[in-house]
Structure formats: structure tokens, C-alpha cells
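Hello,

Here is the structure I said I would pass on. My notes on it follow below.

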Amino acid sequence: MYILGQQLINGLILGSIYGLIAIGYTMVYGIIGMINFAHGEIYMISAYLFAIFLALAGVFGIDSLPVALLFTLAFTIIITGLYGFTVERMAYRPLRGSTRLAPLISAIGMSLVLQNFVQLAQGANDQALPPLYHGVLRLGGEEDFVQITHIQIIIVAATVISMAILTYVINNTALGRACRATQQDRTMANLLGINTDWTISLVFVIGASMASVAGVLITFNFGSFNFFIGFVAGIKAFTAAVLGGIGSLPGAMLGGILLGLSESLFAGFVNTDYKDVFAFALLVTVLTFRPTGLLGRPEVEKI
Amino acid sequence: MAAKADSILVTEGVSIRFGGLLALAGISLVMRPATITAIIGPNGAGKTTLFNCITGFYRPTEGRIIFRPDGRDVVLNRLPIHKIAQLGVARTYQNIRLFGQMSVLENLLVAQHHFVNHRLISGIFQTRSFRKSEAEAVEQAWFWLEFMGMEQLANQDAGTLPYGQQRRLEVARAMASRPRLICLDEPAAGLNLQESEELNQLILKLREEHGVSVLLIEHHMGVVMSISDHVVVLDHGEVISDGTTEQVQQDERVIKAYLGEEDAEELQSVTKGAG
Amino acid sequence: MNIPAALKDSAVASLIALALFVPMIGLVLKGQSLNIQLLRALFVVAAVFAGRMLISMLLQSGLLGRLVEVIRKVLVYLSPVVGLVERRSFRFIGLLLVVLVAVPFLPGSSNYLIQILSLTLVYVILATGLNIVVGLAGLLDLGFVAFFATGAYGYAMLAQYAGLSFWAAIPLTAGIAAAMGCLLGLPVLRMHGDYLAIVTLGFGEIIRILLVNMIDITGGPNGISVPRPTLFGLGFTRRLEEGQLGFHEFFGLPYSASHRYIFIYLLILAFTVAAIWIFKRLREMPIGRAWEALREDEIACKALGINHTTTKLSAFTLGATFGGVGGVFFAAMEGFINPSSFTFVESAIILSIVVLGGMGSIVGVILAAMGITLLPELFREFENYRMLVFGLAMVFIMIWRPGGLLKVRRKTFARGGHGG
């Protein structure tokens, strides 16, 4: 019982992270219909940036943890967003209207570039941050208990806040309207005076920012990372996006949490070594039997 | 249906619903072999939707589509697209769908895929029967290029052809798949007067010389009236008129559908006044 | 010339570069402290500024346009030559064959060189297989390494547990790889093209995880050793098995390890030629045309009576078979394999060979395979930059010439005769 509870908590945390990364896949897919393979690398970069800025805060002598975290978070989000912007600008924008395969291959290329760039710049070793914060909440008795760290609570809270902000922006602001219009019909949006190029850039920046929140939170929680973490996280988050229905924002979060929970339960009760295999198998199953996901709308091909 | 005996295609109350929208509402029509049947109607009347039902891209919600290639009935409703094509239904598209990076002649070879020897081993070792079958397919391709007057373009990439030639190639490709019924979706769209006139002659020739039945969607009334044997008028997913060109031309419902109620009256008064 | 505009563009670019690179390149994590290397970052930013400036100037003066035009012209003039080679590829391959067969017997040859060339040829086999899937059928398979691993581990395990010889293992392993391709293809090929890419990526990763974790069978991360192939029962190892006759004994030669290298090399060479020959035939066969047609327009294909699922499946299965055979040779050549040879990077390398060589092209794939394996050998100090450069090249090629550097010349048909 307590093990189940603990696995559910862990799954929820993992799922929030997947969901945040999945937002980037789902938004980009929604607006230009491509899988941004380099998105996982963006997440990886944000983990590095977080550690770098945190160390920099130390260099500047910022001692208060909350202040240091806010400083770090702000810079990480901005610079990661800029990475998202640059990737779109350099590798995808020149390919609008090219063949179907071209953006995919370009994205693979970009993913290799980012991975190896970070490896060359920061070294191939695993990086580790010491635990920043130790607070723990225990539910249950002396022997059996469910343990929730304060960081885990922060993760859930941060995820909810980010999602709330994103939902507000998309539904209630001019920027969000431009995004939705471009997603519906790019040519028409263009004719109505929306700068669709900028809107697409903006979507990449938003996606990257959400991924950077995930990168910050996960580094905050686990403390260790390397230049290769984007690969598996990317596939998992994509699985989450597909599970929830690609193109749908609530779907991405729902898919992320479902994937996180089921993966965590699988790891806890079946086998830890094969938890990735389980996630990929889930991806294949969903795509085979319900390619539109849980909340997605079916795609109608125009003939 | 009594009319079934001498027919190539029969639709019986074909309806299709997309969400709340009833795109086709009980279309029944009978098409006789070796005739040219035109389907006309205002934009959004459901013409291409009907094509998509016949060729298997959409599944009708209700009704039956019966194809009679050799006297026996085949219900197309549940068949996959490629099976319908293999039975002898070919089509062209409003937005041209050629294999752009393949040569013109190769486009015609692809169309003959299920007639040629496509076994892996024979192809890799180029057995005698394989070479014979390939030579025949190439010969057949040349035949259709000649028919369309495009021999000199045989080795060009299909995607680099001028628009008019692409339209022709699409018809040739459909014919190379040896259909009994060919569905042409606005073949004259975007063509100039001369090109369109040439295309009419070719379509007539297809029927005369190759006995193929032609189902035609066309907006250009001149084309429709000059070559069709039979005209079906759709509006809002329903058949509002069905008959020979003369019958349809005189049908008031058709005039109304095209011009709208008030415009039609106005037109009548204007023509009266002028007369 | 509008220098202020060029300056402005370059300034914007270098500002962005400054923000991107100062933290990432300039501040290197060292435990919890930072190793500050601002100079390194500023150098890169300066390079971005200079590069952007150069591009602006070239663009404004029309020089870039002219430069691109010149390169395009050179490529256009080159392509009939390559086209000739493509169409007469039997002669071309014949010539190349003579050279490649001669290499081991030339004075400057070494076991090392033979080993590198063998690896290059394995990549040619793999890339030819992937070229069927990506180049002809237009299906982006990002998990091709799975079939490569199947081949290598298939041979190793068949030898270890069933005592099968190299020669018996080749067809069997090829069959297993084909079956795997089929098995993966069945659910996957009905999917939207982009989904296919990510699912195959996941599949490649599943195979690697299985190899790492099934320690009892695969040896896990420690790997598994592979027996050396024999020639009609003649062994090439110094210490022979019970009752086995050595190659050197049979021919009355002194024992030399290079016999083994040369033997395996020639073996791989023979199979490479066969693979290329099959690819060339496939490209001009009905099934090859159907693959290309599917790549161009799936809807039109279906409406012409082509069963798109089986057609795609055949491409996938054949590609997998090539991958499996490539794996067997890789294992035989290395003598020892472990999961680290079968990561996603390997899939990416094979894909970049296909992309850089020009999708669907034979000559291109051979040249690109040579470039990708031989260049890092020549420039050892830049080895770490290899994948970075491949990635950049993939992006660049997709932007500039998505069809590959050299356009594939199509078979031409003459009236009344057969194609030439």
C-alpha cells in the first residue's frame, strides 16, 4: 500500500516533467506539423544552464537560496528560449515548403549538433549538483510511510503554475490568438496581418521555455545529468504528447502524467531495467490503436 | 433496380456524414457502360465527396456502391482503395498528384504495377519472363504517351512538366492502369481554351476507342454539354436533376441551384425584357 | 554596398551568439564551481560575427549568388559523369573492384588499413540497406541500428549456443533480421510518416536496452566474443580447433594474422558488390518504382492499385536484411562485440551517409561511406568534432540540396528499344 503510494507520487513527479517537455512537441506539431527532434536536447541544455547559472550565482555571492533560484530560473528560461528560437531560425525556417523528409532529417542533424556541442563545451562526464534542499514530508507510521520531499511539492506546484500561465497566454492574449490562428490556417492568418514567421518562432520559444522549466525542476530534484539525457527524455515526452493527442495542450499534460504514473508503477512492481522498453511499447501500442491519442482530433487528409 | 442490367456503376442511396454535416444525402444514380457521365453542381455540392466514396477514400455511412466490371456485381463500400483500383476504377485529382521526381514514362509504369511481373527474384535476376513483361509495360506506356501526344517528354521528370501536360499525364496514368471506369475530377481546371478543347477530344476518343466509362466532374458548362451523354446535377449532397444534357439544361431546379432563387427570376425577367 | 545593414545583421547575430555561447562555452561546470573560459566563448562569438558579416557582404555584392551558381554548375556538369557511372555501374564497380581487390597486396598495405577498409565496406552495405528504406521508399527509419545489432548478435549467439558456422549463420541471421523488420513494420507502417521515425528510434533503443540487460544471454555490457570465419573449413587463427586445418598449413605458408584480415576483407568486398548490384536492380524493378511512387504520393499510389502496406513492408524487410548481413560481417571482422557499438549514434551515422550521398544514389553512398569512415582517420585530432560536423552537414544539405549533392540520373527509355 505504501509502496503503491510512493510509486504514485514518483510517477506524478516524473509525469509532470514529461508533460512540460511534451508541451513543446505538441505545440510545434500543432503549428507546423513536424516533430522537433531537437526538443529533447533543448531540455538537456536547460539542465546545464541551470547548473551553470546556479554556480554563477555562487560566484556573485548570492547566498539566499530563493533569490539564487529565482535568478537562475529566469536566466535559464530566457537563454533556453533563445536556443529554441535559434534552432527554428537556422534549421527549420529555411525548409518551409520543402519535401516531407527534409525537416525531419534537418531536425536529426540539429539534435546531433546540440548534443555534441554540449559534450565538446562542457565535457562528456556526468555532472552532479549537491542536494539543495532537504525538507521531507512523511505520511504514515514509523516503519511504513510515503515520503514526499518538499522539492517534489515544488515541482508539482511549478508545473501547475506554468501550465496555468501557458493556458492563459494561449486563450486570452493576442499572442495566443495569433498562435491559434496560425495553427488553423497559416495562409489565412498571414493574409489577416499576423506575422506567422514570428508566431512560429514564438511557439518554439514557448516550447523551449516549458522544457527549461522541466530541466530546472528535474535537476533540482535529482541533481545529476549529462549531455545525453535529452535523447530518452525526448522520446518519452513525445510518447506523452502522442498519448494525450498531439496538438492538444491539456493532452500533453495528461499524457505526461499517465506515462509517468504507468512507468513508475511498472518500475516499482515489475522491473526497473525495462521501464524504458515499457514506455516505447506503450508508444507503439497507442500509435497503432489510437493514433489520435486521448484528446486529439482525427486528422482528415484532403484529397 | 431494373436499370441495373445494363450498367457499369450503380449507387443506391449513398449517404455520408462528417460529424454533424450530411455531405451526401442518398445519392442514387446509374451509369451505363462506355458513356460519359458528367457530375455538375455548385461548389460544396458533394461532387468530389462522391468520387472519394466510389474510389474508396471515404466510407459511405449508408447505401451501396455497386461496380459491374464484367456483368457481376461487386459492392465497393468496404473494399480498400487499392482493391477498388485493381477491379478497374481509376481516377485523377483536382490537385494534381503525379510522382513528381519520377520520369513521365515511369509514372505510366507504376500504373501498371499489378499487371507486370513484380516478383522480387525474377526482377533481381532479370529472368526472361521478367524482361518480357517489362518490355510490354514500356510498350504500353509509349502507347499512352503517343495517345496524349507526349512522346518527346517521356524521360522528363513529371514534376517539371507544364501544368497542362501534367493534367494530360494524369489522365494517361489513370488509363495505363487499364480501368473500366475512369473518374476525372475537373480535368480541364486551369487549362486554356485550346488545351481544354484538345482534352475533350481525347476524352471522347477514350470512350470510342477503349470503351472506358467516364465519370466526369466539371465546372465548365461548354465542356459538359458538348461531350457528356448523361448529366447528374448535385446540390447540397442530393441529386436534383438527372438526364440528358437537354433535359438538364431545361430543368428549373438546376437553374435555381446555380443562380439562387432571386437571381434566377431576375435573369428570366431580364431575358424576357431583352427578348 | 550597404555596410551599416550588414553590420547591423552581424551585430544581432553575435548578440544572440553571445547569449547562447557565453554560459555554455565560457562557463564550464567543474563540480559545483565554474571554470571560466570567457576567451573561448568570445572567440566563437567573433567567428559568428565574422561569418555573418562575410555572408552579408557576399550576398550584397551578389558574390554569394554567383558562388552558389558556380558550385551548382560544377555539380550539374559532374552529374552526367556520375549519371554515367550510375547507369554503367557494373563497369564502375568492376573498376573499383579491381582496385579494392589489389589493395591488400600492394606494398604500403597494413592490417590496420585493411581493417579500416573493411569497416568502410560494412558501412556501404548498411547504407545501401537504409537507402532502400529512406532513399527509395521515403520512410525515415531512425532505428536501423537495431537490424545491424540483430545481425551481429545473431551470429555471435548462433555460434555460441548452436555451434553454427559463419556460413550457416549468414542466411539464418539475414532471415532473423528480415523477420524483425517485418515484425516491426507491421504495426508501424500504417502510421503517419513522422510517427514512423520516432517509433523506429524507440525500437532501436529497445534492442540496445535488451542487449545490455539480458546479461545471461548477451553478456550484457561486457559483450560477447565471436568466432572467426573459415574458408571451406580452413581456419585463420594461430591456435586451431581440434581437427581443424589451418589456411597457412594447407597452402604451406608461414602463419600470418594478415591472412585473416585479407580474407575477411575480400569476403566483405564480395558481399558489398552483391548488395550494390541488388540495389541497382531493385531501383529499376516494379517494386523499386512502387517504392519511389509511394515516397512521392501515397494517395495516388493506392488509387493505382498498389497495396501500400505490403509495398512499404517489403522495403522495410529488405532494408533490415541488408542491415543484418552488415552486422554479421561487422561481428566477424571485430571478433568481439558489445552494445556500445549499437547506439543511436550508429543509426545517425548510417543515415548521414545516405543523406550526404544523395538519397537513392549508389555512387553517392559509396563516396559518403568512404568520407565518413576515412576522413576521421586522416584527421585524428578532430575526431571529437565528427558528429558535430555530420549534424551540421545534414542540416546544410537539407537546406541547400535536399535531393543530395548529386542528383540521381533516372533511367532513360528509348522508343522501340529497351531502356538504356
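**Contacts between chains C and A, and the domains of chain B**

Between chain C and chain A, 6 residue pairs are in polar contact, counting pairs with both residues at pLDDT 80 or more. Please keep in mind that this is a predicted model. No salt bridge is added to those pairs: the rule finds 0 across the interface of chain C and chain A.

On the side of chain C that touches chain A, at least two residues each come from helix 1 (3–26), strand 1 (27–30), helix 8 (193–213), helix 15 (344–357) and helix 17 (386–400). Helix 8 of chain C gives the most, with 13 residues. Sorted by class, that side of chain C has 40 nonpolar, 9 polar and 3 charged residues.

As for extent, 52 residues of chain C are in contact with 65 residues of chain A. The two chains bury about 5300 Å² between them, and carbon and sulfur atoms give 79% of that area. Within chain C, the residues that lose the most area to chain A are M24(C), L29(C) and Y195(C), which together make up 15% of what that side buries.

One residue on the chain A side can be taken as an example. T86(A) is part of helix 3 (residues 65–92) of chain A, and it touches I16(C) and L20(C). Is T86(A) buried or exposed? T86(A) counts as buried, because its relative accessibility is 14% and the cut-off for buried is under 20%.

M1(A) is a case of the opposite kind: it counts as exposed because its relative accessibility is 77%, where exposed means over 50%. M1(A) sits in the segment before helix 1 (2–32) of chain A. Its C-alpha atom is separated by 34 Å from that of S212(A), 211 residues along the chain.

**Chain C as a whole**

Chain C has 17 helices and 6 strands, and its C-alpha trace spans about 80 × 70 × 50 Å along the principal axes. Of the 420 residues in chain C, 53% are buried. Among contacts in chain C with a separation of 6 or more, 73% are between residues 24 or more positions apart. The domain assignment splits chain C into domain 1 (3–61) and domain 2 (82–400); the centres of these two domains, taken over C-alpha atoms, are 40 Å apart.

**The two domains of chain B**

For chain B the assignment gives domain 1 (2–88 + 179–274) and domain 2 (98–176), with C-alpha centres 28 Å apart. Here 19 residues of domain 1 of chain B are in contact with 12 residues of domain 2 of chain B. The area buried between these domains is about 1300 Å², 74% of it on carbon and sulfur atoms. In domain 1 of chain B, L202(B), L206(B) and H210(B) lose the most area to domain 2, together 32% of what that side buries.

The count between the two domains of chain B is 1 salt bridge. R168(B) forms a salt bridge with E198(B), and the closest N and O atoms are 2.6 Å apart. There are also 3 residue pairs in polar contact between the domains, both residues at pLDDT 80 or more. Strand 7 (181–185) and helix 7 (193–210) of chain B each supply at least two residues of the domain 1 side, and the largest share, 8 residues, comes from helix 7. By class, that side has 10 nonpolar, 3 polar and 6 charged residues.

Regards

Conventions
Residues are numbered from 1 along each chain as its sequence is written. Chains are lettered from A and ligands numbered from 1 in the order in which they are written. This is a predicted model: local features need pLDDT of at least 70, side-chain atom pairs count only at pLDDT 80 or more; totals for chains, interfaces and linings use all residues. Side-chain values use heavy atoms; hydrogens and water are left out. Contact means heavy atoms within 4.5 Å. Buried area is the accessible area (1.4 Å probe) that two parts lose on being put together, summed over both. A salt bridge is a side-chain nitrogen of Lys or Arg within 4 Å of a carboxyl oxygen of Asp or Glu. A polar contact is a pair of N or O atoms within 3.5 Å; within protein, one must be able to donate a hydrogen and the other to accept it, and residues adjacent in sequence count only if both atoms are side-chain atoms. Helices (H or I, at least four residues) and strands (E, at least two) are DSSP runs, numbered from the N terminus. Ala, Val, Leu, Ile, Met, Phe, Trp, Tyr, Cys and Pro count as nonpolar, Asp, Glu, Lys and Arg as charged, and the others, Gly among them, as polar. Buried means under 20% relative accessible area, exposed over 50%, partly exposed in between (1.4 Å probe, protein chains only). Domain bounds come from an automatic or database domain assignment. Lists of a residue's contacts leave out its neighbours within four places in sequence.
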